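Q: Please take a close look at how the interior of this model is packed, and at the helix contact that goes with it.

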Amino acid sequence: MLYDGECPLCMREVNMLRERNKSYGAINFVDISSKDYSPKDNQDLDYETAMGRIHAILSDGTIVTDVEAFRRLYEEVGLGWVYAVTKYEPVATIANAVYGVWAKYRMEVT
């Protein structure tokens, strides 16, 4: 999971996922705001791209973004039901549109 460690609301979610992940060990958390962030180690996702919206890199190297990333992350820690409805249209389209607005303005909001 690539996350923005400078976003207060993002960190609430990351901290919750980290806590849940203690029992699962399925998620690797990577702070893209860290001076040590390396695109090379993260499917060549540069800082600007990674800051634009949430990204998760699956174990096979596939990159998922937006609500799909949240859905996959929550599934990994036994909370898949939270985002399950976003698998279906038109919910998926609406959820991604709402998330897109949130991602664009998250720093101003938080």
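A: Helix axes at an angle of 65 to 115 degrees count as roughly perpendicular. In this predicted model, α3 and α4 pack at an angle of about 105°, and the two helices are therefore roughly perpendicular to each other. Their axes are 8 Å apart. On the α3 side the contact involves D66, V67 and F70, which meet A95, N96 and Y99 of α4. By type, the residues of this contact divide into 4 nonpolar, 1 polar and 1 charged.

Both helices also take part in the largest nonpolar core, which has 21 residues. Helices α1 (8-21), α3 (66-76) and α4 (91-109) each supply at least two residues of this core. The most comes from α3, with 5 residues. The core also draws on both domains, with at least three residues from each of domain 1 (2-77) and domain 2 (80-109). In soluble globular proteins, nonpolar side chains tend to be buried together.

Within the largest core, the residues with the most contacts are M1, F29 and I54. Setting aside residues up to four places away in sequence, F29 touches M1, Y3, V14, L17, R18 and N21. Apart from this core lies another, of 7 residues, including L2, V30, L45 and M51.

One of the residues touched by F29 is Y3, which lies in strand β1 (residues 2-3). Y3 has a relative accessibility of 8% and so counts as buried. Neighbours within four places in sequence left aside, Y3 is in contact with M11, V14, R18, F29, V30, D31, I32 and S33. V30 is 27 residues from Y3 along the chain, yet their C-alpha atoms are separated by 6.2 Å.

V30, one of the members of the 7-residue core, is also touched by Y37. That tyrosine is found in the loop between β2 (30-31) and α2 (47-52). With a relative accessible area of 12%, Y37 is buried, because the cut-off for buried is under 20%. Not counting residues up to four places away in sequence, Y37 touches L2, V30, D31, I32, N42, L45, D46, Y47 and A50. Among these, L2, V30 and L45 belong to the 7-residue core. Y47 is 10 residues from Y37 in sequence, and the C-alpha atoms of the two are 8.0 Å apart.

Definitions and conventions:
Residues are numbered from 1 along each chain as its sequence is written. This is a predicted model: local features need pLDDT of at least 70, side-chain atom pairs count only at pLDDT 80 or more; totals for chains, interfaces and linings use all residues. Side-chain values use heavy atoms; hydrogens and water are left out. A nonpolar core is a set of buried Ala, Val, Leu, Ile, Met, Phe, Trp, Tyr and Cys residues joined through side-chain atoms within 4.5 Å. Buried means under 20% relative accessible area, exposed over 50%, partly exposed in between (1.4 Å probe, protein chains only). Helices (H or I, at least four residues) and strands (E, at least two) are DSSP runs, numbered from the N terminus. Domain bounds come from an automatic or database domain assignment. Contact means heavy atoms within 4.5 Å. Axes are lines fitted to C-alpha atoms, for helices over the stretch in contact, and angles run from 0 to 180 degrees between N-to-C directions. Angles under 35 degrees count as roughly parallel, over 145 as roughly antiparallel, 65 to 115 as roughly perpendicular and the rest as oblique. Ala, Val, Leu, Ile, Met, Phe, Trp, Tyr, Cys and Pro count as nonpolar, Asp, Glu, Lys and Arg as charged, and the others, Gly among them, as polar.
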